[in-house]
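Visitor: I would like a close look at a single part of this model, with its pairing partners and its surroundings described together. Could you take me through one strand in detail?

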Amino acid sequence: MPVYISNAILKKIKQHAEGIYPNECCGFLLGRQNGNGKDVADILPVDNESEGGEQYHRFVITPQTYLKGDRQASRRQLDILGFYHSHPDEEARPSQYDLDHAWPWYSYIIASVINKVTNTVTSWVLKEDRSEFLKEDIVLDGK
Ligand SMILES: [Zn+2]
């Protein structure tokens, strides 16, 4: 099931990722699921709440932040479709940490930022048995 996203929203993700480099950015993907996949309508950038100087390679969204995101999504009649985060100077593939902390169904967009410039953007969804991530297609709609 692909993730549909506009160029404008993808640009917002890149700007967030590059602006916060060399730390790791994160945020929500808001939108709706349709018959063909997930339709991302907007993003909601949030602070990386990881502690102990680990912000360069892991992201944490606390339950409080999740609730905030959920409220904001319902106010706009949207759902939380997943999350995005950046990998500063790393490949755009999920880390073991990402796998250990992922929830089923949600899409995880990862932006690889090399030397402050976004390189690759990929999307992943947890396999049903949670053993690994499966890569999803990102379909750009050009808006
Ligand atoms: Zn990651």
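Guide: Two strands are taken as paired if DSSP finds at least two bridges between them. With that in hand, and bearing in mind that this is a predicted model, we can turn to strand 5, which spans residues 107–114 and is mostly covered, six of its eight residues being buried.

On one pairing, strand 5 is joined to strand 4, residues 79–88, in the parallel sense over seven bridges, and within strand 5 it is V113 that stands opposite P88. The other pairing is with strand 6, residues 117–126, where seven bridges again link the two strands but the run is antiparallel; here I110 of strand 5 has T122 of strand 6 opposite to it. Strand 5 and strand 6 also form a hairpin with two residues between them, and in that turn N115 has a positive phi of about 50°.

Strand 5 also enters the interior of the model. The largest nonpolar core has 28 residues, and I109 and A111 are among those with the most contacts inside it, together with I13, L29 and Y84. At least two residues of this core come from each of strand 1 (3–5), helix 1 (7–20), strand 2 (26–34), strand 3 (37–46), strand 4, strand 5 and strand 6, yet the largest share, five residues, is supplied by strand 5. Setting aside residues up to four places away in sequence, I13 touches I109 and A111 as well as I43 and Y84.

Note on methods
Residues are numbered from 1 along each chain as its sequence is written. This is a predicted model: local features need pLDDT of at least 70, side-chain atom pairs count only at pLDDT 80 or more; totals for chains, interfaces and linings use all residues. A residue is buried if 20 or more other C-beta atoms lie within 10 Å of its own, exposed if 12 or fewer, and partly exposed in between; C-beta atoms are placed from the backbone. Helices (H or I, at least four residues) and strands (E, at least two) are DSSP runs, numbered from the N terminus. A nonpolar core is a set of buried Ala, Val, Leu, Ile, Met, Phe, Trp, Tyr and Cys residues joined through C-beta atoms within 7 Å. Two residues are in contact if their C-beta atoms, placed from the backbone, lie within 7 Å.
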